[in-house]
Amino acid sequence: MRAGMSYFHETIWKSVQQFLRCIDTALKNIGIYERVPYNCPLIQFSSWMGGDHEGNPRVTLEVTRDVCLLARMMAANLYFSQIKDLMFELSMWRCSDELRARADELFRTSKKDAKHYICSKIDL
C-alpha cells in the first residue's frame, strides 16, 4: 500500500505540473493565449489499491479505509509542501538583495553537503 502510494509522490506529482505547462504551451503555439482554468479536470486519479475486494482475500474494509486515509494524508502533505515552497519564493521575491544572496549561498552549501553525504554513503 505504501509502496504503491509512493509512486504518486515520487513520479506523478511533478509530472502533472509539467503536463499542465505543456498544455499551456501547446495552446499558445496554436494561438490560444488563455490558460487552462484551474478548476478544469484535465486529469483525474483513481486507484485499485485497497479496492480489490473480489480477487484478493487480504483486502478488507480496514485496508480500504487505510488506503483512502493514506491517500488523503499524502495529498494534504503534497499541497502543504507546495504552499510552503510558494510562501518561501514569495518572501524571497520581497526580501533585499543581500538576504536573497545569503539564502542562495545557504542552499548551494546545503546541496553540496547533501551530495557529499549521499556520495559517501554510496561508496560504502
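Rings of Phe, Tyr and Trp, the last by its six-membered ring, count as a pair if their centres lie within 6.5 Å. With that in hand, here are some exercises on this predicted model.

**Exercise 1.** Find how many aromatic pairs the structure has, and classify what you find.

*Solution.* Step one: a search of the whole structure gives one aromatic pair. Step two: the partners are Trp13 and Tyr79, with 5.2 Å centre to centre and 85° between the planes. Step three: planes over 60 degrees apart count as edge-to-face, so the pair of Trp13 and Tyr79 is edge-to-face.

**Exercise 2.** Work out which parts of the chain this pair links.

*Solution.* Start with Trp13, which sits in helix H1 (residues 2-29). Tyr79 belongs to helix H2 (residues 61-94). The two residues are 66 residues apart, and their pair links distant parts of the chain.

**Exercise 3.** Decide whether Trp13 is buried, partly exposed or exposed.

*Solution.* Take the relative accessible area of Trp13, which is 22%. Buried means under 20% and exposed means over 50%. Trp13 falls in between, so Trp13 is partly exposed.

**Exercise 4.** Compare the exposure of Cys22 and Cys68, then give the number of disulfides.

*Solution.* Cys22 has a relative accessible area of 52%, so Cys22 is exposed. Cys68, at 42%, is partly exposed. As for disulfides, the structure holds zero.

**Exercise 5.** Describe where Thr60 lies and how accessible Thr60 is.

*Solution.* First, place Thr60 in the loop between H1 and H2. Next, its relative accessibility is 32%, so Thr60 counts as partly exposed. Finally, look at Gly50, ten residues from Thr60 along the chain: their C-alpha atoms are separated by 7.7 Å.

How values were computed
Residues numbered from 1 in each chain as written. Predicted model: local features only at pLDDT ≥ 70, side-chain atom pairs only at ≥ 80, totals over all residues. Heavy atoms only, no water. Phe/Tyr/Trp six-rings, centres within 6.5 Å; stacked < 30°, edge-to-face > 60°. Helix = DSSP H or I, 4+ residues; strand = E, 2+ residues; numbered from the N terminus. Buried < 20%, exposed > 50% of the residue type's maximum accessible area, 1.4 Å probe, protein only. Disulfide = S-S within 2.5 Å.
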